[in-house]
There are 2 protein chains.
Amino acid sequence: MESAIDTHLQCPRTLSRRAGEDYRPPFPVWVARAGEDVTAVVMGYFGVQYRGEEHREEAFAGLRHLVDDFGRPDGPGAWDTTHHRDAAGYDNLIAVGYWRDPETYGRWLARPEIAAWWDADERRTGDLGFFREIVSPRADQFETLYPFTDRLPGVGGVMDGVSDEIEEHAYWGSMRDRIPLSQTDRMRPEGGLSATGDPALGGRVVVRGHDNIALIRSGQDWSEADPEEHALYETEVEPALREAMDFLRDRGQRLGCYSNRYVRYVDLDGRPLDKTYAISHWRSLDKLEQWAETHPSHLRVFVAFVSLARRFPTLRLYHEVSVFDASEQYYEYVNCHPATGLLRDAEAPHEVPPGVTPAS
Amino acid sequence: MESAIDTHLQCPRTLSRRAGEDYRPPFPVWVARAGEDVTAVVMGYFGVQYRGEEHREEAFAGLRHLVDDFGRPDGPGAWDTTHHRDAAGYDNLIAVGYWRDPETYGRWLARPEIAAWWDADERRTGDLGFFREIVSPRADQFETLYPFTDRLPGVGGVMDGVSDEIEEHAYWGSMRDRIPLSQTDRMRPEGGLSATGDPALGGRVVVRGHDNIALIRSGQDWSEADPEEHALYETEVEPALREAMDFLRDRGQRLGCYSNRYVRYVDLDGRPLDKTYAISHWRSLDKLEQWAETHPSHLRVFVAFVSLARRFPTLRLYHEVSVFDASEQYYEYVNCHPATGLLRDAEAPHEVPPGVTPAS
């Protein structure tokens, strides 16, 4: 048993770990490990947005283009593709890629064929929308959690291996305790989201993040379930999970949730797989903790998962959580509807308070 | 808004508060306050045990005797009386008294008529059982929590008033953060429960506690509910609460719960009132936290209370939580069945490990 915080990321604490020295968790879980050479990773969510079945084929062609680009030199070391329908009724396809270092990502991004494709006017004028949400947490700014040690999804796919069983889990606050930065930093948010264009006018809009936005990818994989487990998952767990996800998507704003997408793996022809995850952006880790720990919508899911775990050994649940400096985030929306992703809560420039004229 | 930890009990921290400096709770609650002259309080649970309706009258006469004793000089400043049936099928009546200082309690306890009554052989030989569970936390070893500011039940009844709205609540870990000792001490348990007699043989047994046993009194008062609220409470909340209480009583041992009693206020003639509480002893605050935060049985109650709160303004929920040094506890059982209170988990003296003879 060892700390979730890798040895080379440990430092003298100015903030206590919530779990005492003698805490022992009731069941084993593991975290992904990487060598000291990994100082930051890149998580790049590349999306295609469409509305109406008549645009489905074109959208999937767009998704395949994104994945083809992943195959170019310096592309991501791991990726997957998903579909979800958002609150505005649009369908969205996302290809997420993970890079083991920002330099490789930078070279990939700068490739003329990739840069030119994103910059092309056609992105802005066609029937599809496109977006890129790129974040690059330092090694001390993210954590992972897996109750298994093989075939790690998400960022685990570009790490070097797994830890021993870790100490910091099975209590509220353990997410924070697994992030190395929490040893010395409360990771408080500063500032707000601002947009460089006008989200309401569409076109090409870049959203500027602020310090300590938190992102969780929280996954469910029941693809190895036997028929009985499959039925159990779909009747006893998935409805509670969907309700929580819909709640966050539609009413999470006042709780500090900037965006919540409950996505399902699809193959490149659009066939759904039995794997889902949430991609959830929060104003801060605090806000994510508050919702997860106290909101009935999440506690119902939590109880469903806890109650089910023993009866359902093939269910693979996992998550990864990151926080970012403002400079480690890049959100770009091209021809997307104004409530897409972090656009919804971004303040447009030159916004004038009610009752104040621009001249005053 | 202010800290739950009163100014004169604040000290330089060696352990962080879980809530950050900028945390603001979503709704107001208050804690009881007392002057600096209060350095410790006494919580004395005095019980009468019986089995079978034919002993009910005698038992209530015993309860009235205990309450009459409360009325003697140096008696408690606040008290109440309850009934519960325990896991062994025995009925138990408890008169709990609260003293504002151990010296007054000490004088009361030493009164010849009180000391003689408890020491009398009749206590040991009749149809009734009797017990005393007396704990005396220092001012830095307990906390309270009330979403109201009038008529404080429990230990609040011997305090001097209430705080301003407090910061440390509505998050897991806030119970610990409200206990002043948590600023510098994790309050880890040391040692086990030991008995001076043989619980299985009955008679008079004293159980010796260990450092940092935790006691929670967690109360529910729906006596001011209108008929609709009354029905809501009894159909949507009470069944979940009862299930959690039964779980702890019957299966809490392996989770570190030494004793759990879900008691109902009764008047001195045995008429039940619409007020209940749990009296729950734990090996440590850690163990209590673990159950409350993660066990489905408690989370279901928590969700029921949270979901109900807005629709049920007259429901008064509150609690008080204490930890104790070994020397601040006294548990005595006279003619009680061997699973009464902390007797159940107490190790009898000279217990011989299996396969080892006393001579070896």
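## A:Ser16 and its surroundings

In this predicted model, A:Ser16 touches four residues of the other chain, B:Thr14, B:Leu15, B:Ser16 and B:Arg186, when residues up to four places away in sequence are not counted. A:Ser16 is found in the segment of chain A that comes before strand β1 (32-33). With a relative accessible area of 23%, A:Ser16 is partly exposed, because the buried class ends at 20%.

Within chain A, A:Gln183 stands 167 residues from A:Ser16 in sequence, yet their C-alpha atoms are 7.1 Å apart in space.

## How the two chains are related

Two copies of a chain are related by a rotation about an axis and a shift along it. Here a rotation of 180 degrees, with 0.0 Å of shift along its axis, superposes chain A on chain B at an RMSD of 0.0 Å. That is the relation of a two-fold axis. In chain A, the C-alpha nearest the axis belongs to A:Ser16, 2.6 Å from it.

The contact surfaces follow this relation. Of the interface residues of chain A, 100% are also interface residues in chain B, so the copies meet through the same surface.

## The interface between chain A and chain B

In the interface, 25 residues of chain A are in contact with 25 residues of chain B. Together the two chains bury about 2100 Å² between them, and 49% of this area is on carbon and sulfur atoms. Eleven residue pairs are in polar contact across the interface, counting pairs with both residues at pLDDT 80 or more. On the side of chain A that touches chain B, the elements giving two or more residues are α7 (285-294) and α8 (296-309) of chain A. The most comes from α8(A), with seven residues. By type, the residues on this side of chain A divide into ten nonpolar, seven polar and eight charged.

Six salt bridges are counted between chain A and chain B. One salt bridge brings together the side chains of A:Glu289 and B:Arg18, at 3.6 Å from N to O.

## Salt bridges within the chains

Over all chains, a search of the whole structure finds 78 salt bridges. In chain A, A:Arg249 forms one with A:Asp250, and their closest N and O atoms are 2.9 Å apart. Both residues are partly exposed: A:Arg249 has 24% relative accessibility, and A:Asp250 has a relative accessible area of 42%.

In chain B, the side chains of B:Arg261 and B:Glu133 meet in a salt bridge of 2.8 Å, N to O. This pair links distant parts of the chain, 128 residues apart, with B:Arg261 in strand β11 and B:Glu133 in strand β5 (residues 129-135). B:Arg261 and B:Glu133 are both buried. Another salt bridge, of 2.7 Å from N to O, joins the side chains of B:Arg204 and B:Glu332. B:Arg204 lies in strand β9 (residues 204-208) and B:Glu332 in strand β14 (residues 329-334), with these positions 128 residues apart in the chain. B:Arg204 is partly exposed at 27% relative accessible area, whereas B:Glu332 is buried at 2%. Salt bridges that share partners also join A:Arg18, B:Arg176, B:Asp286, B:Glu289 and B:Glu293 into one network.

## B:Ser259 in strand β11

Strand β11 (residues 257-266) of chain B contains B:Ser259. B:Ser259 is buried, with a relative accessible area of 6%. Apart from neighbours within four places in sequence, B:Ser259 is in contact with B:Ile279, B:Ser280, B:His281, B:Gly341, B:Leu342 and B:Arg344.

How values were computed
Residues are numbered from 1 along each chain as its sequence is written. Chains are lettered from A and ligands numbered from 1 in the order in which they are written. This is a predicted model: local features need pLDDT of at least 70, side-chain atom pairs count only at pLDDT 80 or more; totals for chains, interfaces and linings use all residues. Side-chain values use heavy atoms; hydrogens and water are left out. Contact means heavy atoms within 4.5 Å. Buried area is the accessible area (1.4 Å probe) that two parts lose on being put together, summed over both. A salt bridge is a side-chain nitrogen of Lys or Arg within 4 Å of a carboxyl oxygen of Asp or Glu. A polar contact is a pair of N or O atoms within 3.5 Å; within protein, one must be able to donate a hydrogen and the other to accept it, and residues adjacent in sequence count only if both atoms are side-chain atoms. Helices (H or I, at least four residues) and strands (E, at least two) are DSSP runs, numbered from the N terminus. Ala, Val, Leu, Ile, Met, Phe, Trp, Tyr, Cys and Pro count as nonpolar, Asp, Glu, Lys and Arg as charged, and the others, Gly among them, as polar. Copies are superposed by least squares on the C-alpha atoms of residues with pLDDT of at least 70 in both. Buried means under 20% relative accessible area, exposed over 50%, partly exposed in between (1.4 Å probe, protein chains only).
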